[in-house]
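Colleague: Could you take me closely through the surroundings of the ligand, and then set that part in the context of the chain around it?

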Amino acid sequence: MNEEKIFIMKNITKTFPGVKALDNVTFEVKKGEIHALVGENGAGKSTLIKILSGLYKPDAGQIIYKGKEIKINSPKQAKDLGISTIYQELNLCPNLTVADNIFLGNEKSKTIFQYIDDDTQINKSREYFLNLLDSEIDPKIITSNLSIAQQQIVEIAKALSYKSELIIMDEPTSSLSIHETEKLFEIINGLKNQGISVIYISHRLEEIFKIADTATILRDGKLIGTKAIEDLDYSTVVKMMVGREIENKYYKTNIQESSKKQEVLLEVKNLSKKGLFENISFTLNAGEIVGFSGLIGAGRTDLMKALSGQLKFDKGKIIIKGEEKIFNSPIDAIKSGIVITSEDRKNESLFMNFNVRENITISFLDKISKYGYIFSSKEKKFTNEFISRLNIKPANLETPVITMSGGNQQKVAIAKWLITEPDILIMDEPTRGIDVGAKAEIYKLIKILAEQGKGIIFVSSELPEILLVSDKILVMNKGKLAGEFLNKDATEEKILELAV
Ligand SMILES: Nc1ncnc2c1ncn2[C@@H]1O[C@H](COP(=O)(O)OP(=O)(O)OP(=O)(O)O)[C@@H](O)[C@H]1O
Ligand SMILES: [Mg+2]
């Protein structure tokens with residue numbers, strides 16, 4: 001590797017009202033290096049890279065890019081300098097086609113007439129998806145029809161469509177499953193071989209050890225250290241991030257099999273929706289956690305939407321505690337005791353302009369109010385409990401959700417539904433973008449719900465956590481159930497074999 005630096009950010013400080021997001025941080029990346037940026041939710045990672053990509057201006061500090069001190073005043077300027085960014089929050093225009101999104105601001109025109117050349121854009125997009133990411137997304141489709149994971153792939157393709165010298169990836173794999181992640185790693189290694197530098201942010205620490213050359217660790221807006229990856233191991237990184245040892249990598253409970261109730265809470269029989277999923281049957285007992293694994297596009301999210309009244313199915317039955325139910329809306333599902341935490345926190349879960357307290361209690365008002373009055377002491381007690389258990393930052397009930405870091409928003413979205421203690425809780429990628437400590441806390445809360453006799457459906461693209469929390473694991477492949485394992489028989493390899 002080259003010792004030459006692509007940039008140096010020196011003594012950067014950035015303050016938001018009430019929060020010092022970055023405090024005198026120095027961060028530098030070499031040419032052709034894959035540099036991981038790690039830290040807990042709210043540590044300042046996204047803020048740091050948003051300064052580099054021209055979205056935020058620092059209060060103090062210098063940026064030296066390719067040997068020259070510069071000011072980066074806009075995202076456009078950053079792009080012209082050769083910096084391209086995949087932001088953590090997906091930013092595609094929902095009403096445009098996928099191809100239009102990829103080339104937005106960079107349209108291919110037909111020579112002098114300045115018509116946008118749709119065919120070229122579409123063909124180019126298809127090439128990106130297929131060659132790069134092994135993905136069959138149709139470039140002509142309207143973007144709002146894509147799942148979160150597919151949108152993430154489009155964002156990646158978009159960033160790769162510019163000629164760049166530095167590519168910043170803020171949690172590019174938070175919705176990707178192993179297969180797509182491995183494809184992305186091949187691409188990243190290819191970029192590195194061309195001398196391109198990559199900044200890689202992820203809460204999946206295993207990925208850091210697989211892909212990065214160097215890691216920089218932030219905590220509470222401060223630089224903790226920069227080290228070569230060979231000089232780090234998992235527990236050292238966690239300790240640097242958190243500032244103390246976490247006893248276990250994950251929380252493990254030992255629920256005795258015998259304590260599981262045999263009561264069937266949910267029975268799904270031959271559920272089908274044309275083009276999305278087919279002939280799905282399974283049961284969920286009281287006290288059981290059923291994991292759903294599969295690749296992107298396997299149909300898991302659509303199935304979950306059908307189970308929670310958000311999507312009409314064509315055939316089959318949903319039976320809850322022995323009674324067949326027909327849901328015309330999510331309200332019907334909630335009345336029957338089924339609640340879903342969506343994979344799409346921004347559009348489906350949170351009221352972004354409302355504060356933490358309002359978001360957490362909105363689905364819970366009947367328990368803390370009477371005759372239209374909200375008991376604010378009760379409201380505070382419940383919300384504060386979740387804020388401290390999940391380590392939501394800033395720990396202030398009145399903070400508007402829109403100003404929070406991605407992982408902290410996700411924690412609010414999860415708290416909102418955990419607090420209602422539904423009979424059946426469907427969680428679609430609940431730990432997306434959440435740091436190690438809070439993940440462990442979420443697993444613990446799920447286990448406690450199960451011990452209370454609730455049933456949980458846990459959809460995740462992260463195999464380690466599926467294996468950790470689920471009693472039973474169902475694997476979906478192209479809309480069908482490809483197989484089922486009891487936890488004790490399941491391994492990552494066996495699951496992948498059925499998923500691919
Ligand atoms: N636009 C903003 N307005 C107010 N506060 C902000 C804003 N953006 C970030 N912050 C605050 O700055 C701090 C750092 O946030 P940042 O998004 O950089 O964290 P992060 O390390 O990327 O976390 P995550 O892993 O959750 O994405 C947080 O306390 C956050 O609430
Ligand atoms: Mg972030």
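Modeller: What follows begins with the basis of the model, turns to the ligand shell and then widens to the helices and domains.

This is a predicted model, in which local features need pLDDT of at least 70 and side-chain atom pairs count only at pLDDT 80 or more, while totals for chains, interfaces and linings use all residues. Residues are numbered from 1 along each chain as its sequence is written, and chains are lettered from A and ligands numbered from 1 in the order in which they are written. The protein chain averages a pLDDT (the predictor's confidence in each residue, from 0 to 100) of 87, and 91% of the residues score at least 70. Over residues 249-256, however, pLDDT stays under 50.

There are 20 residues around ligand 1 (a residue is near a molecule if its C-beta atom, placed from the backbone, lies within 6 Å of it), and those that come nearest are Asn-41, Ser-46, Thr-47, Ser-405 and Gly-407. The shell divides into six nonpolar, twelve polar and two charged residues, where Ala, Val, Leu, Ile, Met, Phe, Trp, Tyr, Cys and Pro count as nonpolar, Asp, Glu, Lys and Arg as charged, and the others, Gly among them, as polar. At least two shell residues come from each of β2 (19-30), α1 (45-52) and α15 (406-418); helices (H or I, at least four residues) and strands (E, at least two) are DSSP runs, numbered from the N terminus.

Within α1, eight of the eight residues are buried, so this helix is largely enclosed by the rest of the structure; buried means that 20 or more other C-beta atoms, placed from the backbone, lie within 10 Å of the residue's own. The buried residues of α1 include Ser-46 and Thr-47, which are also among the residues that come nearest to ligand 1. Just after α1, Gly-54 takes a positive phi of about 85°.

On the other side of the sequence record, α15 is among the elements that cover the buried residues of α16, together with others including α7 (205-211) and α17 (463-469).

As for the wider setting, the chain is divided into domain 1 (5-242) and domain 2 (257-499), with bounds that come from an automatic or database domain assignment. The contact between them takes 26 residues from domain 1 and 26 residues from domain 2, two residues being in contact if their C-beta atoms, placed from the backbone, lie within 7 Å. The shell around ligand 1 draws at least three residues from each of these domains.

Methods:
Buried ≥ 20, exposed ≤ 12 C-beta atoms within 10 Å, placed from the backbone.
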